[in-house]
Structures are given as structure tokens and as C-alpha cells.
Amino acid sequence: MPMTSPSLPGLSIRSGQGDYQVDFPADLTQLLAQLESFTKVVVLVDENVAKIYGSQLSPLLERSPWMSIPATEDEKTLRGVQRVLDFLQQNNATKQTVVIALGGGVIQDIATFSAHLYYRGLRWVYVPTTLLGMCDSCIGAKCGINLNNFKNQLGVFHSPHWVLICLPFLETLSDTEIVSGYGEILKLLLTGSTEQFALLREFVDAGGLRNPQLSRLIYESLKVKKEIIEEDEYELNLRRILNYGHTFGHALEAITHHGIPHGKAVAWGMDLVNYIAVERGILDRAEYDSIHAFIQKHFAHRLTRPVSAVELIEGSRRDKKVVDGKVNLILLRTAGELKITPTTYDAQLQDEVERYLAEKHVLSWP
Ligand SMILES: NC(=O)c1ccc[n+]([C@@H]2O[C@H](COP(=O)([O-])OP(=O)(O)OC[C@H]3O[C@@H](n4cnc5c(N)ncnc54)[C@H](O)[C@@H]3O)[C@@H](O)[C@H]2O)c1
Ligand SMILES: [Zn+2]
């Protein structure tokens, strides 16, 4: 089914570095027309997006220097950033140059970092082409690049000048990447409210993951994130709740050497901490069961080998968010209400993770 961006009202994001607007061009023609307002631009485009959409994007690419970037974690490094900085310099970029980035989170992170460094900061416009980019990472100004095989170790906050979300890009995105984006939608809508989670369930149960209401789900997700980042742009406190599901999710990704898509790992990580929240009397069992049923149905994943509680706990210790030997678990009280809970690594935690793995089967293995 063709995806279009039905005319959604724009969102304005308040930021200490300058407010910016998120708009929803209906198709690539409208997108290109909106980008025409900039005369001096350099374009950074995801290699696959360039291959698939090169001819449609030609009005933009023929009038500006552009560089194709592979969306790999290897490229999301100082080496990849250096290539972009070299390109900016070779093309005589100045303070007036606007960087236009088209791609998913990898291109976004490279673009944010490079635009922040060059001439102490260039304006940059982001056109997300993955679901994760559209529903989550496009706002918030944060970026992370990898250092010596450790993920997201270097970063800056550099707000985009404008975000343009054009849903038709999702038509060529793989199912794996669609599920990955949904992990973040689930996180944001559970963070939002019972009603927003109910919308997610309703639309997905009726129309599957590529349902006709996907633009509404993206919009609702951004509204939730907007409220959080506007209150705590630099992740001093409240913004940490966006880490919901990520502590154990990241551990699982590391243990499996990324054998599970990010969004599935995060959905599974939410189910695990929700189970812990029930055990600790924070979350009601009936609510857990209803969220679990949704996760089991849409995010179940078969691993090539078993994982153990010990491995997961050891893996989570490497999280940047572990402080004084305690891990800040983000626990759900009810949809719309999360609690940052410093949690000791003890026998109780290990026992809970072990029982979760034995009783719940979002993850399976041979
Ligand atoms: N800065 C942030 O706030 C933030 C937040 C979350 C994640 N991230 C980072 O984002 C990265 C993941 O990003 P992602 O999930 O958006 O994917 P991605 O950028 O890794 O891209 C995934 C794949 O989809 C391809 N692709 C992109 N758009 C396409 C399209 N329209 N059609 C067909 N193929 C397309 C890419 O070429 C790539 O092969 C990670 O490095 C993560 O650390 C950053
Ligand atoms: Zn995530």
C-alpha cells in the first residue's frame, strides 16, 4: 500500500540552541520544493537511498555537491566524520552553507557531529528515511559516534535547523528496519499514556506494521518525545526515561553480536523490566499481561543460541548509565508513568531475570 504523509500539522520543537520545526511533506516533489528555499547546500545521503531515489532526487543533487555515505557502524566514527569534513572543505562550505542529511540514524549521527564541528557549527536539515529516524531520533539534537568498536562514545548536542518527514521513503525500507522503528514507537507510546498505547495496539492489530495509520503513530511518538526533550534537553534527569528497555536491550544486542534488530531488543528489554516491575509490586499484573501479549505477537525473535541471566547482567554493567555499581532501571508503573529506579546488582535481580527467561518466550532459541 502506498504510504503518503497525509497533511499533518507541523510540530515546533523548543530548543536552547534555537527552536526548529518538523514538517511532513506528502511526497518527494513537495520535499524538494521545500528544500529549494536553501541556495548554498551540501547534501549527505545514505548510499542505499542514493541508489534507490537518485533520479527522483536529481533536482537537488544536480544543483549541489553531494556525498554518498554507507550506513554502517564503521562509518559512524571519526574516520567517517573526517571524510565529511574533507568534503565540506573541498566544496568551499562556509558558515552560510546548509548541510542536508538524507538517511537513517547512522547518517544523522555523522551529519550532526560534522555540522557541529565545521566552522563551530553549520545549520543542518534532516530528512529521515528510516522509521526509527522519523519516529524518534530526528528530534532531540543528540548524536553519538563510535570509538574503537565501542558504540556511541563520542557525541554532541546540535539541533537541526529543520526536520522534514516524508513517509513515502518507508516503502523501500526492509521489514527488519520497520520492526526496529516500532520498538521505539512502542517505547514512546507506553511512555506517553494508556490511550496512546491503545492506539498503537488498535492500528497494528487491524492493519499490521505497515498500517495506513503509521503517520499518526509517528506523530504521537514525536509528541511524547517533544515533551520530554523540551523539559530536559541535555539528559540531566527526565530524559533518561527514554532509556526504557535499553539497558538489557543493549546487553542482548552485544551478546548476540547484533544478531537481533535494535527495536526487537528494546521491546524485549521493556518486557523484561516490566516483569521485574511486577515482581517488585510496581506494575499491575493485568497491565503487564496485555503489554506482554503485544510484544510477544510483534517482536518475538529466535536466537541462534541460548542467552543466560548471568550474561545479560554482565552485559548491562557496561552500560554508560550504571552509576556507583547500581543500574538505573526505568520501570513502568502504568502506561504514561515511568520511574527511574537505581537498582542493586544482587541475587534478587539475577533471580528475576532467570525466572523471566524461563517463563516468558519473546526470545527463543534452538
Ligand atoms: N542520534 C540519535 O538520537 C539516535 C537515536 C537512536 C539511534 N541512533 C543511531 O541510529 C543508528 C540506527 O539508525 P536506523 O535504525 O535509522 O538505520 P540505519 O541508518 O542504520 O539504516 C538502516 C539500513 O536501512 C537503509 N535505508 C535507509 N533508508 C532507507 C530507505 N528509505 N529505503 C531502503 N533502505 C533504507 C540503510 O542504507 C541501512 O542499510 C544506530 O547507529 C544508532 O546508534 C541515533
Ligand atoms: Zn533505541
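Which residues have the most contacts inside the largest nonpolar core? They are V99, I100, A101 and I165, and the core they belong to has 103 residues. Before I go further, please keep in mind that this is a predicted model.

Staying with that core for a moment: helix α11, residues 262-279, supplies the largest share of it, with 11 residues. The core also takes at least three residues from each of the two domains, domain 1 (11-173) and domain 2 (232-364). As general background, nonpolar side chains in soluble globular proteins tend to be buried together. For the chain here, buried residues account for 44% of the 366 residues.

Now the overall layout. The chain is divided into the two domains I just named, 11-173 and 232-364. Between their C-alpha centres the distance is 31 Å. In terms of secondary structure, the chain contains 14 helices and 14 strands. The radius of gyration is 20 Å, and the globule rule gives 21 Å for 366 residues, so the chain is as compact as a globular protein of that length. If you want a box for it, the C-alpha atoms fill roughly 60 × 45 × 40 Å along the principal axes.

Next, the ligand. How many residues surround ligand 1? There are 29, and the closest are N48, G104, G105, T130 and S137. Four elements give two or more residues to this shell: α2 (47-53), α5 (105-117), α6 (131-137) and α7 (175-192). Of the elements, α5 provides the largest share, five residues. By residue class, the shell around ligand 1 splits into 14 polar, nine nonpolar and six charged.

Last item, one of the sheets. In what order do the strands of the open three-stranded sheet run? The order is β11-β12-β13, and the pairing is antiparallel. The edges are β11, residues 322-323, and β13, residues 337-344, each of which pairs on one side only. Strand β12, residues 326-334, pairs with β13 over eight bridges, in the antiparallel sense. To give one bridge by residue, L332 has L338 in β13 as its partner. In general, such pairing is made through backbone hydrogen bonds, and it can be parallel or antiparallel.

To recap: a nonpolar core of 103 residues that draws on both domains, a ligand 1 shell of 29 residues with its largest share from α5, and an open antiparallel sheet of three strands. That is what I have for today.

Technical notes:
Residues are numbered from 1 along each chain as its sequence is written. Chains are lettered from A and ligands numbered from 1 in the order in which they are written. This is a predicted model: local features need pLDDT of at least 70, side-chain atom pairs count only at pLDDT 80 or more; totals for chains, interfaces and linings use all residues. Domain bounds come from an automatic or database domain assignment. Two strands pair if DSSP finds at least two bridges between them. A residue is near a molecule or strand if its C-beta atom, placed from the backbone, lies within 6 Å of it. Ala, Val, Leu, Ile, Met, Phe, Trp, Tyr, Cys and Pro count as nonpolar, Asp, Glu, Lys and Arg as charged, and the others, Gly among them, as polar. A nonpolar core is a set of buried Ala, Val, Leu, Ile, Met, Phe, Trp, Tyr and Cys residues joined through C-beta atoms within 7 Å. A residue is buried if 20 or more other C-beta atoms lie within 10 Å of its own, exposed if 12 or fewer, and partly exposed in between; C-beta atoms are placed from the backbone. The radius of gyration is taken over C-alpha atoms; the globule rule is 2.2 Å times the number of residues to the power 0.38.
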